[in-house]
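Reader: Got a minute to go through this structure with me? Let's keep it quick.

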Amino acid sequence: MKTIEWTTPFDETTASITGLTRKHWEETVFILLQGIITHASVGKARIKLAGPQSVHGQVADEFEGFSRSLIMAAPWLKTSETESIFVGNQTIDIAEFYREGILAGTNPNHPEYWGKINNCSQNIVECASLAWGLYLSQTHIWDKYSAAEKQQVANYLLQCNHAKLPKNNWLLFRTIINTVLQKLGMPFSRKEIYVNLKTCQNMYLGNGWYRDGRTNQIDYYSAWAFHYYFLMWVILDGDRFPEMAEIHINRMRTYMENFRYFFSGEGNVPCFGRSATYRFAYIAPITLGLYLNCLEQELGEIKTICNGSLKFFFNREILTDNYLLTPGYFRHSPRLLERYSCAASPYWVAKAFNILLLPQSHPFWQTEEKPRAIEKESFSISIKSAGFLVVGDQQTGHVQLINQKSYHNYSNMSSKYTNFAYSSLFSYDIRPVRNKSDRDSAPCDNALTFSLGNRYVQRSQIKHLYCEDNFAASKYPLPIVNPKATDLISRIYGNLGWVNTQILVKDDFMINVHRIETRKSLKFKEGGYPLGFNDGYPEIISTEGAEVAFKDGKISFVRNLYGYDKQYPAQPLTPHTPENNLRYQYSVVPALGFENKNQKSFYLASMVYGKIGNETIEQLMELVTNFQIINGLVKIKFYDNEQVVMQLGNIRHLDITLNNKAITGKVVMARVSGDGKNYQVVKR
């Protein structure tokens with residue numbers, strides 16, 4: 001495994017934070033293309049990569065490598081004065097490489113034909129990338145085809161109009177395919193452009209975020225799928241439909257208002273949701289927004305965001321010795337991948353390389369890098385439509401994403417979606433692949449897991465309740481998982497009761513309070529953040545009511561505030577394996593446990609803290625000085641005398657005083673600072 005060793009000099013003048021320039025982006029493209037080209041088939045239409053295979057089959061996987069690599073080659077071709085790069089000891093004409101590969105892949109009589117496009121075919125996804133690449137590189141590739149060759153390529157793309165698609169972001173692929181065909185003067189379907197645009201437009205939740213399909217599956221697909229393809233359409237055809245174009249430009253502006261807070265001091269974002277192997281593809285719509293000159297943030301801050309994203313990943317060993325992207329996050333990680341993933345899937349990160357559409361003369365490259373939001377101040381940002389809180393600590397650069405709405409329909413995806421919080425530093429543990437004995441449990445990091453027997457499961461089917469500054473709440477069922485399911489997709493078909501969870505943020509730690517109603521005796525387990533490391537072993541300390549682990553200046557702490565009667569010293573999800581954690585070779589999680597023994601209604605509460613620091617366990621214990629639940633009213637007092645009350649479930653009318661501040665009404669949560677000057681009240 002290797003990192004990129006850039007030969008381009010770093011720029012300390014206009015890139016004083018990252019040192020990166022446009023030439024670093026170009027050099028990265030050349031390095032990645034070197035790996036692609038050296039693994040190409042004879043006819044150049046297929047990229048033959050060793051590694052995991054998807055459920056779509058070998059041909060689709062090999063087409064995927066070709067089409068996704070074109071996404072980064074095409075912007076470079078559009079702005080370059082040459083068509084060639086050096087690969088090893090030879091010069092390769094990049095435009096010729098893709099011209100030949102496209103003709104071979106779209107020719108039904110060629111041995112490297114990409115195959116007929118059927119319902120829900122992965123080739124539809126790749127055809128959208130192919131179409132965008134053709135548009136950007138038009139003078140280098142498309143314009144050099146004969147009329148018959150152009151028709152051959154168009155005929156292949158037009159197959160996508162006759163296939164059934166899932167009702168999610170996939171619909172936008174057909175929009176882009178047909179819009180590009182229209183721009184290239186070929187037959188196309190106007191209906192497939194605008195019906196699909198409208199359908200996906202209606203998946204908008206607000207605040208710049210989309211749900212992917214009919215359920216609240218909310219993740220970075222809002223960036224690298226929805227905004228990316230909508231802005232692509234604006235570039236292609238927005239001038240003819242200015243009102244619709246303005247809708248999507250404004251939504252991207254709104255998205256950036258809160259997305260800018262996701263970026264940590266290291267340059268990454270909290271990793272959650274599926275397709276983590278796409279790495280920093282989430283900056284793809286930012287690059288198109290820059291091309292459209294429609295973003296409102298300071299250009300220097302956006303430059304640091306983009307350059308910092310590139311540097312964060314390529315300073316890690318994400319490349320094989322043959323210059324191929326590893327299918328994983330930091331390393332090859334089969335457990336992280338989804339059923340649709342293959343060895344070529346990581347190349348969707350190529351979407352970020354649309355930044356090369358900006359020529360060297362563009363103001364973006366000339367402006368001086370400015371600090372990111374996290375480097376300016378600490379913050380807690382509520383994104384109500386998505387049910388997210390984004391919490392950042394300026395001193396450490398740590399960013400956390402608290403989730404009280406997003407979930408996936410498949411329970412094997414739960415650890416990627418339904419943890420209470422995700423971190424830029426304490427990355428989540430990866431759920432093991434289920435075996436036939438059905439004993440593998442969901443990870444308990446930042447989750448309340450529950451079990452009827454040996455196998456623990458996480459929440460799903462989340463009903464979002466509240467999302468305010470430093471406070472979010474949800475309700476969800478205690479699911480029954482089909483015990484006969486032996487594949488990865490374990491359907492939930494019933495429930496044993498309900499949980500109401502409220503999360504209160506104080507500084508950058510969390511107070512998690514759960515009100516549980518169930519008709520069964522269940523085991524519960526709640527963990528803190530995974531403490532990740534690559535060598536050695538952490539210091540693990542237990543004290544009455546709390547567990548903590550220390551390693552490399554990081555701390556993972558969990559404290560029993562109410563109800564738990566068991567403690568689990570920090571331990572790995574599965575012993576003796578480097579596959580547990582997204583980011584690190586190894587990780588341990590401190591946890592708490594409880595068995596209700598037929599109690600039908602009860603409360604559990606914890607304090608969870610993942611931080612950079614050197615505090616002792618005694619100092620951490622002093623952060624919450626009092627915690628009580630009396631007649632359903634939760635009362636909390638913190639180290640600085642701030643007082644908090646919360647109600648879960650049945651919200652009663654209250655008349656109370658906190659630090660000389662009178663609070664009245666159907667109060668869900670109220671907090672008053674120690675001096676009584678600052679307060680927050682959330683009412684039903």
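Author: Start with one side-chain pair: E615 makes a polar contact of 3.0 Å with the side chain of K611. A polar contact is a pair of N or O atoms within 3.5 Å; within protein, one must be able to donate a hydrogen and the other to accept it, and residues adjacent in sequence count only if both atoms are side-chain atoms.

Reader: Where is E615 found?

Author: In the loop between strand 21 (601-612) and helix 14 (617-621). Helices (H or I, at least four residues) and strands (E, at least two) are DSSP runs, numbered from the N terminus.

Reader: Is E615 buried or exposed?

Author: Partly exposed, with a relative accessible area of 23%. Buried means under 20%, exposed over 50%, partly exposed in between (1.4 Å probe, protein chains only).

Reader: And what is E615 in contact with?

Author: F550, I555 and L620, leaving aside neighbours within four places in sequence. Contact means heavy atoms within 4.5 Å.

Reader: Before going on, what kind of model is this?

Author: It is a predicted model; local features need pLDDT of at least 70, side-chain atom pairs count only at pLDDT 80 or more, and totals for chains, interfaces and linings use all residues. Residues are numbered from 1 along each chain as its sequence is written, and side-chain values use heavy atoms, with hydrogens and water left out.

Reader: What is the mean pLDDT?

Author: The mean is 94, and 97% of the residues reach 70 or more. pLDDT is the predictor's confidence in each residue, from 0 to 100.

Reader: Where does it stay under 50?

Author: Over residues 435-439, which have four contacts beyond four places in sequence. Residues 485-493 are also below 50, with 25 contacts beyond near neighbours in sequence.

Reader: New topic. How many disulfides?

Author: Zero. A disulfide here is a pair of cysteine sulfur atoms within 2.5 Å.

Reader: Why is C160 not bonded to C127?

Author: Their sulfurs are 3.9 Å apart, too far for a bond. C160 is buried, at 0% relative accessible area.

Reader: And C200, what is its nearest cysteine sulfur?

Author: That of C120, 14 Å away. C200 is buried too, at 0% relative accessibility.

Reader: Last one: where is T326?

Author: In the loop between helix 11 (299-314) and helix 12 (363-366). T326 counts as buried, at 1% relative accessibility. Its side chain joins that of R279 through a polar contact of 2.8 Å.
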